[in-house]
Amino acid sequence: MTLPRLNIYRHDRGGRALVTLAGVIAPATAPQVRAALEQCLRDGISLIDVDLTTVDRCDDSSLSVFLDASRHAAEHHAFLVLHHPSPQTERLLMDTGFDRLLHAMRPGGARPRRA
């Protein structure tokens, strides 16, 4: 059995960080995502942009990570914004109701809409 692969890239600009995820977010890789987002908050980042453009797959364990990070960011007067979620990830966000708690953005700045 091969473990899913995930690469995490971070680029800071002032109080804002762009965290680009590439690969699979699953139970085996979710702790890496959690650690990267928590590190942003420890570093004093107030706006965390998470680019999901190159995420191949995302399951409910990743949603838990994003939800926890969003709540923790709010406690620090910071924001977490998900950018370019795949259609599958958008459906998962909407089906679980997490779309109301997270700020997901499509290309061009449009927010996903409920059917």
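A residue counts as partly exposed when its relative accessible area falls between the buried range, under 20%, and the exposed range, over 50%. With that scale in hand, arginine 34, at 32% relative accessibility, is classed as partly exposed, and the residue offers a way into this predicted model. Its side chain meets that of aspartate 68 in a salt bridge, with an N to O distance of 3.0 Å. The pair links distant parts of the chain, since arginine 34 belongs to helix α1 and aspartate 68 to helix α2, 34 residues apart. Aspartate 68, for its part, is partly exposed as well, at 31% relative accessibility.

These two helices belong to a chain of 115 residues, of which 44% are buried. The protein chain contains three helices and five strands, and from the N terminus on its elements follow the order β-β-α-β-α-β-α-β. Of the contacts between residues at least 6 apart in sequence, 60% join residues at least 24 apart. The chain exposes about 6600 Å², and carbon and sulfur atoms supply 54% of that area.

In the interior, the largest nonpolar core has 27 residues, and the members that touch the most others are Leu21, Leu37, Ile48, Val50 and Phe66. At least two residues of this core come from each of β2 (16–25), α1, β3 (47–58), α2 (60–75) and β4 (79–83), with α2 providing the largest share, six residues. Leucine 37 illustrates how such a member is surrounded: leaving aside residues up to four places away in sequence, it touches Val19, Ile48, Val50, Val65, Phe66, Ala69 and Leu80.

Glutamate 38 also lies in helix α1, which spans residues 30–42. Not counting residues up to four places away in sequence, glutamate 38 touches Ala69 and His72. Although buried, glutamate 38 has no salt bridge, and the nearest side chain of opposite charge, that of arginine 42, is 4.8 Å away, whereas a salt bridge requires a side-chain nitrogen of Lys or Arg within 4 Å of a carboxyl oxygen of Asp or Glu.

Elsewhere, charged side chains do pair, and the count comes to four salt bridges. Arginine 16 and aspartate 49 meet at 2.5 Å, N to O; because arginine 16 lies in strand β2 and aspartate 49 in strand β3, this pair ties together parts that are 33 residues apart in sequence. Arginine 16 is partly exposed, at 42% relative accessibility, while aspartate 49 is buried, at 7%. Another salt bridge joins the side chains of arginine 10 and aspartate 12, at 2.7 Å, N to O, and a network of salt bridges links Arg10, Asp12 and Asp43.

Helix α3 (residues 87–96) has as its buried residues Thr89, Glu90, Leu93 and Met94. These residues cover an arc of only 135° around the axis, and therefore they sit on the same side of α3. Pro87 and Asp95, on the other side of α3, are exposed. Just after this helix, glycine 97 adopts a positive phi of about 85°.

Two residues that are not glycines also take a positive phi. Histidine 77, with a phi of about 55°, is placed in the loop between α2 and β4 and is exposed, with a relative accessible area of 70%. Histidine 84, with a phi of about 60°, occupies the loop between β4 and α3 and counts as partly exposed, at 29% relative accessibility.

Key: Residues numbered from 1 in each chain as written. Predicted model: local features only at pLDDT ≥ 70, side-chain atom pairs only at ≥ 80, totals over all residues. Heavy atoms only, no water. Helix = DSSP H or I, 4+ residues; strand = E, 2+ residues; numbered from the N terminus. Buried < 20%, exposed > 50% of the residue type's maximum accessible area, 1.4 Å probe, protein only. Contact = heavy atoms within 4.5 Å. Areas by Shrake-Rupley, 256 points an atom, 1.4 Å probe, with all protein chains shown as cover. Lys, Arg positive; Asp, Glu negative; His and termini not counted. Arc of directions from axis to C-beta. Core = buried A, V, L, I, M, F, W, Y, C linked by side-chain atoms within 4.5 Å.
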